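Reader: Please take a close look at one part of this model. I would like the strand pairing first, and then a single side chain in its setting.

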Amino acid sequence: MTGRKLIPILVAAMALGCTGAGAALHTLYAASVRTTVNAETPVAGNLYTVNLANGTATLVGAIRLAGSKSIGVTGLAADPTSGVLYGITSEKSPNSPHALVTIDPASGAAELVGDLRLIGSDIAFDSKGTLYIWLPGTSQLGTVSLSDAAVSPIGKAGPGGSPAGIAIDPNGMVYVISKGASGTLDNVDLATGALQVGPQLTGAPFSTQINSMSFSPSGLLLAVNSNGGSPANTRLVTINTATGVVATIGPLPDDTDALTFSGSGPNLAPTLSTMSPGGRVVIVVISTVLLVLAGMLVLRRK
């Protein structure tokens with residue numbers, strides 16, 4: 001078969017490979033937390049999808065419980081074992097404060113799991129499906145039961161601190177920023193709960209807060225940087241885990257307070273690691289065939 005006749009076959013195979021890869025790809029979601037415009041008018045937090053290239057947010061919908069009850073979400077995380085999107089509500093949420101909820105990524109509709117009974121500022125899953133939460137009241141990491149929202153703090157309670165973002169990398173390393181955007185990027189010892197001080201943060205647009213963090217499928221640490229105002233101006237930023245350097249991607253909607261990747265929605269650009277096994281096989285086969293064809297063309301020219 002000639003090289004020219006192989007071209008349409010390769011194109012078709014690549015299309016099939018990309019289709020197979022699509023189900024495993026991820027979308028960046030963000031959520032806003034708001035209390036009230038005034039005493040009589042509660043405002044729901046909103047769910048957004050976010051373009052990683054420039055931070056542009058697209059509204060999915062208001063986050064509401066059954067009966068159109070508005071809630072403000074301060075942490076998001078997607079369970080890697082089930083794909084379910086979870087959120088925690090702010091202590092100032094107009095309904096079901098400091099609660100664990102599930103959220104429909106297509107509409108923003110939420111369902112109550114249970115009362116956390118403690119205030120959390122951010123959540124993150126590890127690769128095994130364990131949900132972790134940061135407890136600013138005692139500056140502790142904890143785990144959360146997905147069945148009843150019961151929180152189990154890890155280690156000794158410390159002094160209260162500011163809201164903090166947490167994220168867990170593919171190797172299970174827990175990162176936390178508990179002293180604001182001018183503090184340090186620390187790690188948490190899961191056995192003792194102790195903080196291991198990391199690099200000093202530099203370059204954040206606002207020195208006030210890092211509200212939420214999430215690792216991209218490729219290992220990029222993303223965060224929501226806030227000025228802590230009312231409403232709060234926020235920016236989507238990246239954080240270099242080795243140096244602590246913060247770089248701005250773009251503005252987010254006011255009062256954005258939560259961030260996570262989920263594999264349940266529209267897709268970003270694929271990488272080999274995020275493709276399905278079938279998709280990876282197709283890409284490897286295509287690459288091999290193209291190399292063989294290139295070698296044949298070189299030999300013919302000689």
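Author: Val-237 has Thr-248 in β23 as its bridge partner. The model is predicted. That pair belongs to a longer match: β22 and strand β23 (residues 246-252) are joined by six bridges and run antiparallel. Six residues lie between the two strands of this hairpin. Among them is Gly-244, with a positive phi near 80 degrees.

β22 also pairs with strand β21 (residues 221-226). Here too the sense is antiparallel, again with six bridges. Val-224 is one of the residues involved, and its bridge partner in β22 is Leu-236. β22 thus has β21 as a partner and β23 as a partner. Strand β22 itself spans residues 234-239 and is mostly covered. Five of its six residues are buried. In a regular strand, side chains alternate between the two faces of the sheet.

Now to another sheet. Four strands make up an open sheet, ordered β12-β13-β14-β15, with antiparallel pairing. β12 and β15 (151-153) each have a single partner strand, so they stand at the edges and one side of each lacks a neighbour in the sheet. On average, neighbouring strands of this sheet are turned by 30 degrees against each other, direction ignored.

Inside this sheet, β13 pairs with strand β14 (residues 140-144). Five bridges hold that antiparallel match. Leu-131 is one residue to look at: it stands opposite Val-144 in β14.

The loop between β12 (122-125) and β13 (131-135) holds the side chain to examine, Asp-126. Is Asp-126 buried or exposed, and which side chain of opposite charge is nearest? Asp-126 is buried. The nearest side chain of opposite charge is that of Lys-128, 6.5 Å away. A salt bridge needs a side-chain nitrogen within 4 Å of a carboxyl oxygen. Asp-126 has no salt bridge.

What does the side chain of Asp-126 reach instead? Backbone nitrogens. One belongs to Lys-128, at 3.0 Å. Another is that of Thr-130, which lies 2.9 Å from a polar atom of the Asp-126 side chain. For Lys-128, then, the backbone nitrogen is reached, while its side chain forms no salt bridge with Asp-126.

Asp-126 has partners further along the chain as well. Setting aside neighbours within four places in sequence, Asp-126 is in contact with Pro-80, Tyr-132 and Ile-168.

Terms used
Residues are numbered from 1 along each chain as its sequence is written. This is a predicted model: local features need pLDDT of at least 70, side-chain atom pairs count only at pLDDT 80 or more; totals for chains, interfaces and linings use all residues. Side-chain values use heavy atoms; hydrogens and water are left out. Buried means under 20% relative accessible area, exposed over 50%, partly exposed in between (1.4 Å probe, protein chains only). Lys and Arg count as positive and Asp and Glu as negative; His and the chain ends are not counted. A polar contact is a pair of N or O atoms within 3.5 Å; within protein, one must be able to donate a hydrogen and the other to accept it, and residues adjacent in sequence count only if both atoms are side-chain atoms. Contact means heavy atoms within 4.5 Å. Two strands pair if DSSP finds at least two bridges between them. Axes are lines fitted to C-alpha atoms, for helices over the stretch in contact, and angles run from 0 to 180 degrees between N-to-C directions.
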